[in-house]
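Student: I would like a close look at a single part of this model, taken slowly and in connection with what surrounds it. Could you choose one strand and walk me through its place in the fold?

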Amino acid sequence: MLTFEASGILGAPAIVEKLQNLPFQQVQHRTDTLDAQPSGQNGVLVLVTGALLVEGSERPMSFTQAFNLQQDNGSYYVLNDVFRLVYPAA
């Protein structure tokens with residue numbers, strides 16, 4: 001499951017479709033912080049903060065993303081992913 005700006009998307013095909021249909025083609029990522037800790041059933045909870053610079057934009061947008069990596073037969077997959085843009089306080 002992916003939560004993108006309060007919109008829930010369930011299942012790999014729907015998530016891929018959402019990401020492929022974002023209203024921009026290029027984006028630069030900057031990672032400012034990355035924290036990880038073990039979670040239940042041999043998983044890993046990851047929290048990332050940073051900034052995105054979307055093509056045609058002059059100012060980066062801050063973001064936060066939390067995702068849960070789950071172990072399966074010696075490898076990991078993303079079980080849950082929550083992404084939010086962080087807007088300046090008014």
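Tutor: Before the sheet itself can be described, one term is needed: two strands are said to pair if DSSP finds at least two bridges between them. With that in hand, and bearing in mind that this is a predicted model, the sheet can be described as an open one of six strands in the order β2-β1-β6-β5-β4-β3, with mixed pairing. The edges are taken by β2 (7-9) and β3 (27-39), each of which has a single partner strand, so one side of each is left without a neighbour in the sheet. From one strand to the next, the twist averages 20°.

The chain as a whole has one helix and six strands, and from the N terminus on its elements follow the pattern β-β-α-β-β-β-β. Its C-alpha trace spans about 45 × 30 × 25 Å along the principal axes, and 21% of its 90 residues count as buried. An unreviewed UniProt entry carries the annotation "domain: NTF2" for residues 1-85; in the model that span is 11% helix and 64% strand, and its end C-alpha atoms lie 18 Å apart.

The part I would choose is β5, which comprises residues 61-72 and stands between β6 and β4 in the strand order. On the β4 side, the two strands run antiparallel and are joined by nine bridges. Within this pairing, Thr-49 has Thr-64 of β5 as its bridge partner, while Ala-51 stands opposite Ser-62. The hairpin that β4 and β5 form has six residues between the strands, and there Gly-56 takes a positive phi near 85°.

On the β6 side, the pairing is again antiparallel, here over 11 bridges. The hairpin of β5 and β6 has two residues between the strands, and in this hairpin Asn-73 takes a positive phi near 50°. As background to both pairings, strands of a sheet pair through backbone hydrogen bonds, in either a parallel or an antiparallel sense.

Within β5, Gln-70 deserves particular attention. Its bridge partner in β6 is Tyr-77, and a polar atom of the Gln-70 side chain lies 2.5 Å from the backbone oxygen of Gln-41. Gln-70 counts as buried because its relative accessible area is 8%, whereas the cut-off for that class is under 20%. Leaving out residues up to four places away in sequence, Gln-70 touches Gly-40, Gln-41, Asn-42 and Gly-43, together with Ser-75, Tyr-76, Tyr-77 and Leu-79.

The strand also takes part in the largest nonpolar core, a set of 12 residues that includes Phe-63 and Phe-67 along with Leu-2, Phe-4, Val-46, Val-48, Leu-52, Phe-83 and Leu-85. At least two residues of this core come from each of β1 (2-4), β4 (43-54), β5 and β6 (75-86), and the largest share, three residues, is that of β4. Phe-63 shows how this core member meets its surroundings: apart from neighbours within four places in sequence, its contacts include Val-48, Thr-49, Gly-50, Ala-51 and Leu-52, as well as Phe-83, Arg-84, Leu-85 and Val-86, and Arg-30 is also among them.

Taken together, β5 is joined to β4 by nine bridges and to β6 by 11, and it supplies at least two residues to the largest nonpolar core, while its Gln-70 is buried.

Conventions: Residues are numbered from 1 along each chain as its sequence is written. This is a predicted model: local features need pLDDT of at least 70, side-chain atom pairs count only at pLDDT 80 or more; totals for chains, interfaces and linings use all residues. Side-chain values use heavy atoms; hydrogens and water are left out. Helices (H or I, at least four residues) and strands (E, at least two) are DSSP runs, numbered from the N terminus. Buried means under 20% relative accessible area, exposed over 50%, partly exposed in between (1.4 Å probe, protein chains only). A polar contact is a pair of N or O atoms within 3.5 Å; within protein, one must be able to donate a hydrogen and the other to accept it, and residues adjacent in sequence count only if both atoms are side-chain atoms. Contact means heavy atoms within 4.5 Å. UniProt positions are given in the numbering used here, feature names are shortened, and annotations may be inferred rather than shown by experiment. A nonpolar core is a set of buried Ala, Val, Leu, Ile, Met, Phe, Trp, Tyr and Cys residues joined through side-chain atoms within 4.5 Å. Axes are lines fitted to C-alpha atoms, for helices over the stretch in contact, and angles run from 0 to 180 degrees between N-to-C directions.
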